[in-house]
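User: I would like to learn how to read a few features of a structure, one at a time. Please give the idea behind each, then the case at hand.

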Amino acid sequence: MSLPKQVRLVEVGPRDGLQNEKQPISVADKVRLVDDLSAAGLSYVEVGSFVSPKWVPQMAGSAEVFAQIKQQPGVTYAALAPNLKGFEDALATGVKEVAVFAAASEAFSQKNINCSISESLQRFVPVLEAAKQQGIRVRGYVSCVLGCPYDGEVDPLQVAAVSRELYAMGCYEVSLGDTIGTGNAASTRRLIEAVGRELPREKIAGHFHDTYGQALANIYASLLEGINVFDSSVAGLGGCPYAKGASGNVASEDVVYLLNGLGIHSGIDLNALVAAGQRICEVLGKANGSRVAKALLSQSMA
Ligand code: HMG
Ligand code: MG
């Protein structure tokens with residue numbers, strides 16, 4: 001299969017990136033990050049989550065962040081909503097798009113959202129119905145698509161079955177989450193073949209955490225399989241609070257560098273993105289997780 005001409009990046013840094021940080025991060029710093037990202041040309045930013053603050057305290061200020069960001073035309077600002085309460089809280093902030101999240105493994109589903117896979121899917125039905133009535137688009141996630149921190153191996157057919165359910169209930173796109181980053185180019189291709197038998201490939205997105213350093217290889221493998229939407233996190237921030245040791249998503253800067261090299265359009269200004277990532281790393285007092293950012297920043301200091 002030939003490579004796509006254009007790819008859409010879903011920037012998950014403000015949500016997937018920051019949700020795992022233990023230290024308090026001010027609303028102002030979160031707002032600045034989202035605004036920096038839209039200014040860098042990201043057309044889709046996952047801003048926060050409307051989940052239980054007891055489960056993920058860092059996302060508690062998401063409504064304030066939504067209220068204060070400068071929403072740019074043509075940019076989608078989205079939030080996670082695990083149930084109807086989360087959807088209603090999201091709706092009150094004026095969001096136009098939410099994401100529901102399921103898992104391909106039972107143990108992870110219990111740890112992450114406190115219910116079985118089938119209970120979670122039932123819980124999403126009223127969310128999808130309410131969203132349809134309100135004209136809100138819903139994206140679906142499936143976690144642990146290439147391995148589970150509790151159950152180990154995950155059958156691609158199980159991922160395909162959960163993806164099919166999400167798509168059938170009205171999710172316009174299903175993002176396949178390699179939550180613990182254990183996938184590789186071969187297992188990624190097998191996964192896309194399995195899921196691709198259940199839904200059109202243009203409805204599938206890739207969400208690769210980089211714990212084993214395989215995320216870029218998995219993205220390239222996915223591109224070859226006809227996937228053209230990828231989730232990424234500026235400066236490689238993040239991880240999942242319910243997947244110990246899992247590192248952040250693939251760094252957005254590294255994906256943009258790969259896409260630029262392949263001549264694939266993303267609409268993103270790499271230098272502006274590097275500056276946005278470095279700024280939030282300085283706020284957090286942590287090293288930048290993007291190899292490309294580190295290389296470019298060291299050149300500019302030389
Ligand atoms: P639960 O305790 O089973 O919920 O949690 P419940 O319905 O029994 O309610 C218990 C309490 O939570 C009640 O409050 C509810 O009002 C409250 P109380 O009466 O005790 O004061 N509550 C809420 N509060 C705020 N917002 C809500 C909400 N719902 C109930 N939406 C629940 C179930 C799903 C809420 C909980 O497990 C939860 O919030 N989990 C979120 C976990 C999470 O955010 N994980 C990280 C995101 S997923 C991820 O990172 C993976 C991804 O990146 C893809 C990948 O990498 O694989 C997407
Ligand atoms: Mg994730």
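User: Is H209 buried or exposed?

Analyst: This is a predicted model, and burial is read from relative accessible area, with values under 20% counting as buried. H209 has a relative accessible area of 2%, so H209 is buried. H207 counts as buried too, because its relative accessibility is 5%.

User: Which protein donors hold the magnesium ion (ligand 2)?

Analyst: A metal site is read from the donor atoms around the ion. For the magnesium ion (ligand 2), the protein donors are D16 through OD, H207 through NE2 and H209 through NE2, at 2.1 to 2.3 Å. Water is not among the atoms, so a site may look incomplete.

User: How are the donor residues of that magnesium ion (ligand 2) spaced in sequence?

Analyst: The spacing is D-x190-H-x1-H.

User: H207 is in β7. Which residues of β7 are buried on each side?

Analyst: A strand is read by its two faces. In β7, I204, G206 and F208 are buried on one side, and A205 and H207 are buried on the other. That accounts for 5 of the 5 residues of β7, which is mostly covered.

User: Which strands pair with β7?

Analyst: Pairing is read from bridges and their direction. β6 and β7 are parallel and share 5 bridges, with V174 of β6 partnered by I204 in β7. The connection from β6 to β7 passes through α8, and this β-α-β crossover is right-handed. On to β8: 2 bridges join β7 to this strand, again in parallel. F230 in β8 is the bridge partner of G206, and D231 in β8 is the bridge partner of H207, a magnesium donor. β7, α9 and β8 also make a right-handed β-α-β unit.

User: What does β8 pair with besides β7, and which way do its residues point?

Analyst: Strand β1 (residues 8–11) pairs with β8 in parallel over 4 bridges; the partner of L9 in β8 is F230. From β8, V229 and D231 point one way, F230 and S232 point the other way, and all are buried.

User: Which residues of helix α9 are buried, and what do they pack against?

Analyst: An α-helix has 3.6 residues a turn, so residues three or four places apart point the same way. In α9 (residues 215–224), the buried residues include A215, N218, I219 and S222, together with A221 and L223. The buried residues of α9 pack against β6, α8, β7, β8 and α10. Just after α9, G226 has a positive phi of about 90°.

User: How many residues of strand β4 are buried, and which strands pair with it?

Analyst: The same reading applies. In β4 (residues 97–103), 7 of 7 residues are buried: E97, A99, F101 and A103 on one side, V98, V100 and A102 on the other. β3 (residues 76–80) joins β4 in parallel through 3 bridges, and V98 is the partner of A79. The chain gets from β3 to β4 by way of helix α4 (residues 84–92), in a right-handed β-α-β crossover. β5 (residues 137–143) pairs with β4 in parallel over 7 bridges, with V142 as the partner of A102.

User: At what angle do helices α11 and α12 cross?

Analyst: Helix packing is read from the axes and then from the residues in contact. The axes of α11 (residues 270–284) and α12 (residues 291–301) come within 10 Å and cross at roughly 100°, which means α11 is roughly perpendicular to α12. L270, N271, V274 and Q278 of α11 make the contact with V292, A293, L296 and L297 of α12.

Notes. Residues are numbered from 1 along each chain as its sequence is written. Chains are lettered from A and ligands numbered from 1 in the order in which they are written. This is a predicted model: local features need pLDDT of at least 70, side-chain atom pairs count only at pLDDT 80 or more; totals for chains, interfaces and linings use all residues. Side-chain values use heavy atoms; hydrogens and water are left out. Buried means under 20% relative accessible area, exposed over 50%, partly exposed in between (1.4 Å probe, protein chains only). Two strands pair if DSSP finds at least two bridges between them. A crossover is right-handed if, with the strands pointing away from the viewer, the path from the first strand over the helix to the second runs clockwise. Donors are N, O and S atoms within 2.8 Å of the metal (3.2 Å for Na, K and Ca); water is not among the atoms, so sites may look incomplete. Axes are lines fitted to C-alpha atoms, for helices over the stretch in contact, and angles run from 0 to 180 degrees between N-to-C directions. Angles under 35 degrees count as roughly parallel, over 145 as roughly antiparallel, 65 to 115 as roughly perpendicular and the rest as oblique. Contact means heavy atoms within 4.5 Å.
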